[in-house]
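Q: I would like a close look at one part of this chain, with the rest brought in as needed. Please keep the wording plain.

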Amino acid sequence: MVMFIFVRILCIVYVVAVNVYSFLLLRNQKKSAEEGEKRINDVRLYVTAILGGGLGVYVGMFCMKYRLNNFFLMVLMPIFICATAFLVVFGFINDFGFNF
């Protein structure tokens, strides 16, 4: 039972950490673009979104008004958010594949 609780807490901490990282990554990219410095590649945003940070990227886009007219970001981020939510809920319902 303790292992099951630990896995749930670890999953929540992971999703929160990836979303905070993706939000800060977007903030740094916006700041470097305003200052004229070298920008971070957009592939990095997509990778963090695929790894579970779609919500951080999506919220960051609206908070910082970053590339709101980009079709791929506006369409793919909600898809990544739904996929992450589905995986987390599915994992919680099925005990992450552990049989106790």
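Are F71 and F72 buried or exposed?

A: In this predicted model, F71 is exposed, and F72 is exposed as well. The two residues also belong to a small set of ring pairings, since the structure holds 3 aromatic pairs. For F71 and F72, the ring centres are 5.9 Å apart and the planes meet at 70 degrees, so this pair is edge-to-face. An angle over 60 degrees is what earns that name.

A second pair is made by F86 and F90, and this one is stacked. Here the distance is 5.7 Å from centre to centre, with 20 degrees between the planes. Planes under 30 degrees apart count as stacked. F86 and F90 are both in helix α3, which covers residues 71-93, and because they are 4 residues apart there, about one helical turn separates them. F86 has a relative accessible area of 52%, so it is exposed. F90 has 46% relative accessibility and therefore counts as partly exposed. The line between these two classes is drawn at 50%.

Helix α3 is one part of a simple layout. The chain has 3 helices and 0 strands, and read from the N terminus its elements follow the order α-α-α. Along the principal axes, the C-alpha atoms fill a box of roughly 55 × 25 × 20 Å. The chain has 100 residues, of which 30% count as buried. Its accessible surface is about 6700 Å², and carbon and sulfur atoms hold 72% of that area.

Some of the surface is grouped into a nonpolar patch. M3, F6, L10 and F98 form it, and together they have about 380 Å² of accessible area. One of these residues, L10, is placed in helix α1, which spans residues 2-35. L10 has a relative accessibility of 48%, so it counts as partly exposed.

Helix α1 also holds Q29, and the surroundings there are of another kind. Q29 has a relative accessible area of 0%, so it is buried. With neighbours within four places in sequence left aside, Q29 is in contact with R39, I40, D42, L45 and Y66. One of those residues, D42, is joined to Q29 by a polar contact of 3.1 Å between the side chains. Another distance from Q29 runs to M61: the two are 32 residues apart along the chain, and their C-alpha atoms are separated by 11 Å.

D42 is found in helix α2, residues 42-63. Its relative accessibility is 18%, so D42 counts as buried; the cut-off for that word is under 20%. Residues up to four places away in sequence not counted, D42 touches Q29, Y66 and R67. The side chain of D42 also makes a polar contact of 3.4 Å with the side chain of Y66. D42 thus has side-chain polar contacts with Q29 and with Y66, while Q29 in turn touches Y66.

Contacts between residues distant in sequence can be put in terms of the chain as a whole. Of the contacts with a separation of 6 or more, 65% are between residues 24 or more positions apart.

To return to the starting point, F71 and F72 are exposed and form an edge-to-face pair, whereas Q29 is buried.

Conventions. Residues are numbered from 1 along each chain as its sequence is written. This is a predicted model: local features need pLDDT of at least 70, side-chain atom pairs count only at pLDDT 80 or more; totals for chains, interfaces and linings use all residues. Side-chain values use heavy atoms; hydrogens and water are left out. Rings of Phe, Tyr and Trp (its six-membered ring) pair if their centres lie within 6.5 Å; planes under 30 degrees apart count as stacked, over 60 as edge-to-face and the rest as tilted. Buried means under 20% relative accessible area, exposed over 50%, partly exposed in between (1.4 Å probe, protein chains only). Helices (H or I, at least four residues) and strands (E, at least two) are DSSP runs, numbered from the N terminus. Patches are made of residues with over 30% relative accessible area and no salt bridge: like charges are joined within 9 Å, nonpolar side chains (Val, Leu, Ile, Met, Phe, Trp, Tyr) within 5 Å. Accessible areas come from the Shrake-Rupley method with a 1.4 Å probe; for residues, only the protein chains shown count as cover. A salt bridge is a side-chain nitrogen of Lys or Arg within 4 Å of a carboxyl oxygen of Asp or Glu. A polar contact is a pair of N or O atoms within 3.5 Å; within protein, one must be able to donate a hydrogen and the other to accept it, and residues adjacent in sequence count only if both atoms are side-chain atoms. Contact means heavy atoms within 4.5 Å.
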